[in-house]
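This report walks through a structure from single loop residues up to the contact between chains. Please keep the sequence and the model open while reading.

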Amino acid sequence: MKNKYDVLVIGGGPAGAVAAKTAARSGLSTCLVEKRPAIGVPVRCAEGIGREALTEFIDPHPRFISAEMKGAAIVAPDGFVMKLASSMAGNKVGFILDRKVFDRELVWKAAEAGADIFVKTRATGPVMDGSKVAGAHLESCGEKKIVKADVVIAADGVESKFSKWCGVDTTVPMREIMTSAQYVLTDIDIDPYATVFYLGNEVAPEGYLWVFPKGERTANVGIGISGRKSGNGHRAKNYLDTFIKKTFPSGKTIEFIVGGVSVCEPLPSTVDNGLIIAGDAARVVDPLTGGGIYNGMFTGRLAAEVAAGCISTGDCSKNALMAYDAGWRASKMGKGIARNYQIKEFLIRQPDEKLNDIIHSVAKVDLKEFSTLSLIKEITKANPKLLLELGALAASLR
Amino acid sequence: MLTIHREICGYCGCCVSVCPQGALELIDAYLTVDETCTDCGICAKVCPLGALEARNEK
């Protein structure tokens, strides 16, 4: 480990790995640190990603893909099933990843590009140069080190501590943390080619429950509920256990994980002097789906691109790095987050009867583009009254 | 002060993200709480497993 790099990346998830790869490829000396002793574990993810979203960053390979999806289904609170399919792209709409392998693959690519990688190495605080973040205090396998950098990219996930230490408030509001639990269940009867989403206040208050296939008879079966709906006796795990007892009573659990997914608005500013915040740490998870892999990779890549530009001009001030913040907000991803946040806020206010009505209105949808936006458009087409209720938001759906 | 039941904790970091004081930290598989904790109970409420106990759980 050197004492000084152009770019120091905190966190070895998809955002950090793509940031490190991009930075190293553009010729910057780059260091990535991961606090855990192994990249990719423990998994804290339902592992779903759309085909186009994945292929923008990496060619699909069986090594890190558990299953290929051809469709999806949404189950209304009353049990009615809305089926989603796509006649485009040969019916192949998305993947369930094997994050243990996928995350390693991305970090390998960063290493190949020339980045230094250190595991079991955590940041304990920023090195400050006046008001500029100028590096980080690290603890590597118990040994304390100081590493300086022109730009630090904080990609430290849902905990998002590094930015907090730098004075950026990254606290997620209680009602906007999806407190989550997931089993890998095997020996269960499922459609191995479709993801299934269960909605309703009895099943998953202000969230949803998912079954994401990982093989013929295996799936990630998980749940996220709003933090404000959680408490003793009615936590994410309690809701999940109730569902599994009813739906997959003979399923066998081969893995159990928990996690938190932020569904709040992104941080008001995702840069500071010498600092760029990317991925979950920047709160750029899609607030409607809870998906964060693509958004992490997208912001990670942009963070490194902007860092490279600023380092070459010698100006890594907040003002200069603001190109990153403005860039992702203006992107399709950024606009999608803003729109989906409003849709999420609308949906969580709806009683089960209303959700039933909405889902009953469309029994089978053939989507040209397999995205939440296309789905919402189809739903509003079948429920013209919804457009009125969505108010100002409706304009963005036309 | 917060009580952490390590035998229940799944070291997922959900609690860390909601702590308004920044008092919690997840060091690999080990959750720590420092003296800035006000026992507000937000973390205890959102924990997916019920591994945290605060005097003022919401």
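## Loop residues and backbone

A:Lys120 sits in the loop between strand E8 (116-118) and strand E9 (121-129) of chain A. Helices (H or I, at least four residues) and strands (E, at least two) are DSSP runs, numbered from the N terminus. The model is predicted: local features need pLDDT of at least 70, side-chain atom pairs count only at pLDDT 80 or more, and totals for chains, interfaces and linings use all residues. Residues are numbered from 1 along each chain as its sequence is written, while chains are lettered from A and ligands numbered from 1 in the order in which they are written.

A second loop residue is A:Cys141, placed between strand E10 (132-140) and E11 of chain A. The table sets out phi for both residues.

| Residue | Phi | C-beta surroundings |
|---|---|---|
| A:Lys120 | near 45° | partly exposed, 15 other C-beta atoms within 10 Å |
| A:Cys141 | near 50° | exposed, 9 other C-beta atoms within 10 Å |

For A:Lys120, phi is a positive value in a residue other than glycine. A:Cys141 also has a positive phi and is not glycine. The burial classes work as follows: a residue is buried if 20 or more other C-beta atoms lie within 10 Å of its own, exposed if 12 or fewer, and partly exposed in between, with C-beta atoms placed from the backbone.

The backbone also holds a cis peptide bond. It joins A:Val41 and A:Pro42, with omega about -10°. A:Pro42 belongs to the loop between strand E2 (30-33) and E3 of chain A.

## A buried aspartate

Is A:Asp150 buried or exposed? A:Asp150 is buried, because 22 other C-beta atoms lie within 10 Å. A:Asp150 is part of strand E11 (residues 143-154) of chain A. Leaving out residues up to four places away in sequence, A:Asp150 touches A:Asp6, A:Val7, A:Ile311 and A:Cys316. Contact here means that the C-beta atoms of two residues, placed from the backbone, lie within 7 Å. A:Ile311 is 161 residues from A:Asp150 along the chain, yet their C-alpha atoms are separated by 7.0 Å.

## Strand pairing

Strands pair if DSSP finds at least two bridges between them. E12(A) pairs with two partners described here. With E16(A) there are 10 bridges, and the strands run antiparallel. A:Leu185 has A:Thr253 as its bridge partner in E16(A). With strand E15 (residues 218-226) of chain A, E12(A) shares nine bridges, again in the antiparallel sense. There, A:Val184 is matched with A:Asn220 of E15(A). E12(A) is mostly covered, with nine of its 10 residues buried.

Another group in chain A is an open sheet of three strands in the order E3-E7-E4, with antiparallel pairing. Its edge strands, each pairing on one side only, are strand E3 (48-50) and strand E4 (65-69) of chain A. E3(A) and strand E7 (residues 94-97) of chain A are joined by three bridges. A:Gly50 has A:Gly94 as its bridge partner in E7(A).

## The whole chain and its domains

Chain A has 11 helices and 19 strands. Its radius of gyration is 21 Å, close to the 21 Å that the globule rule gives for 398 residues, so chain A is as compact as a globular protein of that length. That radius is taken over C-alpha atoms, and the rule is 2.2 Å times the number of residues to the power 0.38. The C-alpha atoms fill a box of roughly 60 × 45 × 45 Å along the principal axes. Of the 398 residues, 49% count as buried.

An automatic or database domain assignment sets the domain bounds. Domain 1 of chain A covers 4-43 + 100-172 + 267-330, and domain 2 covers 62-97 + 173-262. Their C-alpha centres lie 29 Å apart. Across the boundary, 11 residues of domain 1 are in contact with 12 residues of domain 2.

## Contact with chain B

How many residues of chain A are in contact with chain B? There are 30, and they meet 20 residues of chain B. Helix H4 (161-165), strand E12 (177-186), helix H5 (236-247) and strand E16 (252-262) of chain A each supply at least two residues of this side. E16(A) gives the most, with five residues.
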